[in-house]
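The following exercises concern one protein chain. Please examine the sequence and the model before reading each solution.

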Amino acid sequence: MQTIKALLILILASLLLSFSAHTKTVAQLTQSLPAYSKVYDETRNPFNDATAAIALAQASQRNVIIEIGGNWCTWCHKMDAFLEQNPDIYQTLHKNYVLLKINVSDANENEAFMKSLPPVLGYPHMYVSTSSGKMMLSKDTAELLAGDNYSRTEWIAFLERWHINNNPENLQKLNVP
């Protein structure tokens, strides 16, 4: 009986240390992200941020995910919380994509920038583009839900499908040269 208790304590301690180390990695990753990947900021210039995101995507051989939303958006906060609670998905997102958060709010609708994109269906809304700026996808994030929560399965499939390695196939399906 003592041996089983000791073994359980050892396993729990190991899991706790593993989770702690994994969380630290996510925190370190978050710190290293550009400001435009972390928060919606109505004072930022989306054209400048898009130029910087595309340059980073080219240098790091990643696609760009443009996330449209704002600090007022409940579902934007739910999506951020989902990503924080799923560090493997969060890490995959930032390893394989440059995330560009664009604010839309009453204070700043970023109207000129938004006119350059296909219509938004709801918030948050995402677009995937290549590192050369070719738009491949306009995505209603409701498609990533399972009931009232974001789905791990849907997120993983989304990130895999639009990974840079799949660009030739995705662009061909869209008839984009």
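**Exercise 1.** Why does N170 count as buried?

*Solution.* The model is predicted, with local features requiring pLDDT of at least 70 and side-chain atom pairs pLDDT 80 or more, while totals for chains, interfaces and linings use all residues. Residues are numbered from 1 along each chain as its sequence is written, and side-chain values use heavy atoms, without hydrogens and water. Buried means under 20% relative accessible area, determined with a 1.4 Å probe on protein chains only. N170 has a relative accessibility of 1%, and therefore counts as buried.

**Exercise 2.** Place N170 in its surroundings.

*Solution.* First, locate the element: N170 lies in helix 7, residues 167–173. Helices are DSSP runs of H or I with at least four residues, strands runs of E with at least two, both numbered from the N terminus. Next, list the contacts (heavy atoms within 4.5 Å). Leaving aside residues up to four places away in sequence, N170 touches M136, R161 and W162.

**Exercise 3.** Describe the overall make-up of the protein.

*Solution.* Seven helices and six strands are present. Their order from the N terminus is α-α-β-α-α-β-α-β-β-β-β-α-α. Of the 177 residues, 39% count as buried. Among contacts with a separation of 6 or more, 70% join residues 24 or more positions apart.

How values were computed: Buried < 20%, exposed > 50% of the residue type's maximum accessible area, 1.4 Å probe, protein only.
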